[in-house]
Every structure is written in structure tokens, then in C-alpha cells.
Amino acid sequence: MLGLPVISEFSLGTRAAALERMGRETFDLAVIGGGITGAGIALDAVSRGLSVALIEKSDFASGTSSRSSKLIHGGLRYLEHFEFSLVREALHERATLTRLAPHLSQPLAFLVPLYKAGMPSALGNSRLKLSVGLWLYDLLAGRENIGRHRWVSREEALRLAPRLESRGLRGGFVYYDCLTNDSRLVIEVIKAAAARGAAIANYAVARGVIKEGSSMSGIELADRLAGETVSLRAKVVVNAAGVWSDEVSRLDNAAAPLRLRPSKGIHVVMPSDKFDNQTAVLIPSLGEKRFLFVIPWCGRTVVGTTDSDYLGELDEPLAEQTEVARVVASAASSFPEAEISDEDVISAFAGLRPLVSANGESTAEVSRKEEIFESESGLITIIGGKLTTYRHMAERVVDLAARNNAKVRHSETSRIPLAGVERLSSSIEAEASNAAAEFEVPLELVTHLISSYGGNFRAVLEIAGESAELRERLIEGLPHIAAEAVYAARYEMAATAADFLVRRTRISLLARDHGASIESRVTELMQR
Ligand code: FAD
């Protein structure tokens, strides 16, 4: 593994230095977009010896990459569309990420309940059909599989999901995929790229392009914090702007074809004690031919997702009341004993899939495989893809971007651990209890910090050691402490309280007040 020894500062000071470099150097590669796609490209390129700059118009992961279903998965559903190579690639990436950042790709069991014929179910009620699909899923994972599927009896299914509809229940299948924390995955990839020398700035928006003759040679960007403009020069520019990529393409060529077909998916966050599930569960979506995941995540339960064409504004898509109501009703119907109602909604969020236009098909049928285009001026645009496959997607983009550069090495990212996990001992339990004793803090706090910050958790504990105030919990009922806000400003380039509440932590999704009550305290902590 190719780890780096110590945690590096990644603050607003680092940002100012990066923007200063952007105005001075000519980079091998400039990336527009700080979601998982752009982050992955920056890390791949810089680790292959290229000089790299990345700009993000808002905060890292503020687009789709903080609004996913939080799964690192092969995508069982894609087997229905015979997308075997996509599933195999995603299952391989699942194994790679589990090795590189185990806390960001944690194996999770999924229960698919089967009912008597004619009753609503997530994936149909044919035991044979489902068993063939799951057998294939295991086969495509090959030796990297994290667990083989199995049939469970009705009693076992009800033990795993005690409040599940029991009428007509025959049993179910259990299979395995992985759970992530999407925005934390992005920030860790960004930090890994920065630690290797990439110049990276959030709140820096591409407003125009620089051309020499008909070839692209850079980006005109606006620093949204200082209100200044910077001319960033680069040999190759990559457009990884997700659902905004058509907008960016039109900076290059006002007549560039529109390729995107955004599709919206919403999720609802509810208390997990309402469900009492031991696994994730697949349930039917009421009135639709699709299913919803009911996923245990960060001490809550996330239910979603939907899939519909979206024509609204791109910056802040909203989970509409009718969409939330359908998800809540679906959960209530599948878990009748949980007595779920609107009162149980802690938060809801919407994300936009950057799908590649495919006329006629429903958005659910459009392939999730990424597509890469190169414009006449040399702008490379990547759209589509999955959070799960970001590493491999990045490798392909950098192969293309560096095809004329004989000195560039092969991709090394399959050997680059994230979040300092190389500093963790092989027994996480022993590491956690040692650290709890060493720093004289509760074991649950250390467990929370390891699951959030991986091998960098000690940096948070060291900040917490500076004062009793920094060891205080921020919100009753959630594990986060004040030191995390200082850590986010010092080591994760958080610029605003929202960066911390929404993306460095997920307090905005987990707390009923979305963190509003601690916003000024967080701002004050971050200013230290
Ligand atoms: P984004 O994350 O949107 O990043 C693009 C970035 O570009 C944004 O941050 C934006 O601010 C920035 N930008 C735009 N314009 C400019 C500009 N002019 N200058 C500078 N920056 C700019 N995948 C999985 O693997 N597992 C899942 O469970 C999963 N669930 C999903 C559920 C839903 C509801 C959705 C919508 C998607 C899901 N996906 C999942 C897919 C996955 O989330 C996306 O494929 C991925 O996050 C897209 O990342 P991206 O970097 O391409 O786009």
C-alpha cells in the first residue's frame, strides 16, 4: 500500500495557497467538479505524476455525491438489464474500496422478503428467479465476494426484521453489499489528492475557458470567497461537473450538444428504533413497479430511492411532499407493526443522477455506465457512472487525458489507502479500547470517530484534549463532539457551518432540527 505517514493540513490557508498556485503554474490537468468523479480523477492523476488542479463551485460533494443511497454495490437491479460487465466492475470496486477504506465500505446484509403469489414484493415472488439472480451476483463477485446469498425461513426473516408484514410471508433471501458515507468518501479522496500535491479549492467556480487558437488551455475561475478571478492554465481540462456538465460544455462551445438527462431520487431518514431491523430490507414502492431500500445508517434508517425525470433547477433539488409521502406510506405498509407516520420523518433529501440522454427509455432503464466525450477543443467530459465505480472511471479518464504523455505511470489508486487507514491496527476493537484508555474518553466516542475519520481519528482526539469544551457533545442524542468542527476547518477545508453540518458530518440529516440550534457554535469553533 502507498500510504502517506502523517495527516496534512487542509484548511482555508491551504485553499488560499492552492488558488495562488492556480494563478501562477501551468498544470498537466485541471478538473472542474469536486464530487466523487472529479475527486477520483484528481487522485488518480496526481498519483501518476501529473500536476493537478481541481476546482469545486460550492463545497466538495455538495452535488449528487452527498445525496446517494450510500451503497457501495454491484447493483443487483442492473442484472435485469443484462449489464453484467457493469455489475462485475462494481463488485470488483466494492472489494477494492473495502480494502482501501474499510470504514467507508462496510459489509451489510440485505433481506429480500418473498410473499405468496400475487402479494406485493420488492423483486417479485419467484424464489427460483431470485435465486438465479443472486447466484449470478455471487458468481460475478468471484473470489472477492463478501458473503454468499442464502435462503432464510419465515421465522428467520421475522427475526431480522421483526415489524415486517408477516401475512403471506414465505421467507426471504439474504445477500450482501456495502454501506458508505458518500460525502466523507469524497472528502477523503480529495484529501488524498491534496496530500500528494494537487492544488484544490472549494468555492471556486469555472466561469469561462481559456483557448489558444481552437485548443483549450485553461479555465477562467471565480473565487467565491474572496470575490476574485483567476486564470488557471492547464494542458488538459476535464469536465466532471455531474448534472452541470452540459453547462460547462457550453462554456467551451455555445452549441455543444446537451447530453444530460437528470433523474431525481429522494430518500427519507427515520428513527431506527421504529423498524428495529437487523439488516437492510428491500420493500416494494407503493403504486410503482420498483423497490425501496430500508437501510440502517449512522444510527438512523434511510428509506429510498425514487427515480423520475427532472427538469427543475439543479442547485438545490427538493424532496417534494408527495414524494416523501409515498416513501413513508411504502414503509408503513411493509412494516405495519412499526406504525410509521409523517411524524417519523427526521429529514429528507433529493439527489440528481447525471444520466446520459437516452430517448424513449424510462430513467430506471437508462444505463448507469459512465460515458466519456472529448470536444474539438480538447475538453474531456465524463458523465454518468456510480459512486461505487469512481476509481475505475477516474483511471479511464486519466488514461485518455495523458495518452500523449509517455512519462505518465499506470494508475496506482488500487493501492492508495484512504483516510489514513494504514495507521489503524488490524484489530479495530483493540485500537479503539486502547485509544479510549489513552485519551480517557468513552469507547463509543472512539468508535464513532473511527467510523467517521478512519485512521485519522487520533487527530480529533488530540484536538479534544485541548479543552473540556472541545470534548462536549454538540447535540443531545448524537455522538459528535465540538472538536470535530475544529478538525473540519483545520484538516478538511470546511468553510461554512453548513459544510460541517451537511457534508463533513451528517448532522443535518440525523438531527430533527438539522443542526440549526448549533450553527453559531459550529461557526465559532471553526473560526479558531
Ligand atoms: P456530483 O457529485 O454532482 O459532482 C459534480 C460537482 O461539480 C458538484 O459538486 C458541482 O458543484 C460541481 N460543479 C458544477 N459546475 C461547476 C463549475 N462551473 N465549476 C466548478 N464546479 C462545478 N451510486 C452508488 O454507487 N451507490 C449508490 O447507492 C447510489 N445511490 C444513488 C442514489 C441517488 C438518488 C442518486 C441521485 C445517485 C446515486 N448514485 C449511487 C450515483 C452517484 O451518487 C453519482 O453517480 C455520483 O455521486 C456522481 O458524482 P459526480 O462527481 O459525477 O457528480
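**The interface of domains 2 and 3, and some local features**

Domain 2 and domain 3 bury an area of about 790 Å² between them, and carbon and sulfur atoms give 61% of that area. The model described here is a predicted one. On the domain 2 side, Trp297, Arg300 and Ile346 supply 54% of the area buried against domain 3, more than any other three residues. Polar contacts also appear at this interface: the rule finds four residue pairs of this kind, both members at pLDDT 80 or more. Salt bridges, in contrast, number zero across the interface of domain 2 and domain 3. Two elements, strand 11 (260-271) and strand 16 (347-356), each give two or more residues to the side of domain 2 that touches domain 3.

It helps to place this interface within the whole chain. The protein chain is divided into domain 1 (12-65 + 183-259 + 366-415), domain 2 (105-179 + 261-356) and domain 3 (424-527). The contact between domain 2 and domain 3 takes 11 residues from domain 2 and eight residues from domain 3. The centres of these two domains, taken over C-alpha atoms, are separated by 29 Å.

Helix 16 (residues 519-526) offers a clear example of how a helix can be packed. Its buried residues are Val522, Leu525 and Met526. Viewed down the axis of helix 16, these buried residues fall within an arc of 95°, so they line one face of the helix. Helix 13 (483-491) and helix 14 (497-504) are among the parts that cover the buried residues of helix 16.

The loop between helix 13 and helix 14 holds methionine 493. The phi angle of methionine 493 is near 50°, a positive value in a residue other than glycine. Methionine 493 counts as buried because its relative accessibility is 0%, below the 20% cut-off for buried residues.

Phenylalanine 82 also has a positive phi, of about 60°, although it is not a glycine. Phenylalanine 82 is found in the loop between strand 3 (71-72) and helix 3 (84-100). With a relative accessibility of 62%, phenylalanine 82 counts as exposed, the cut-off for exposed residues being over 50%.

A last backbone feature concerns a peptide bond. Glycine 304 and threonine 305 are joined by a cis peptide bond, with omega at about 20°. Threonine 305 lies in the loop between strand 14 (300-304) and strand 15 (308-309).

Definitions and conventions: Residues are numbered from 1 along each chain as its sequence is written. This is a predicted model: local features need pLDDT of at least 70, side-chain atom pairs count only at pLDDT 80 or more; totals for chains, interfaces and linings use all residues. Side-chain values use heavy atoms; hydrogens and water are left out. Buried means under 20% relative accessible area, exposed over 50%, partly exposed in between (1.4 Å probe, protein chains only). Helices (H or I, at least four residues) and strands (E, at least two) are DSSP runs, numbered from the N terminus. The arc is that of the directions from the helix axis to the C-beta atoms. Contact means heavy atoms within 4.5 Å. Domain bounds come from an automatic or database domain assignment. Buried area is the accessible area (1.4 Å probe) that two parts lose on being put together, summed over both. A salt bridge is a side-chain nitrogen of Lys or Arg within 4 Å of a carboxyl oxygen of Asp or Glu. A polar contact is a pair of N or O atoms within 3.5 Å; within protein, one must be able to donate a hydrogen and the other to accept it, and residues adjacent in sequence count only if both atoms are side-chain atoms.
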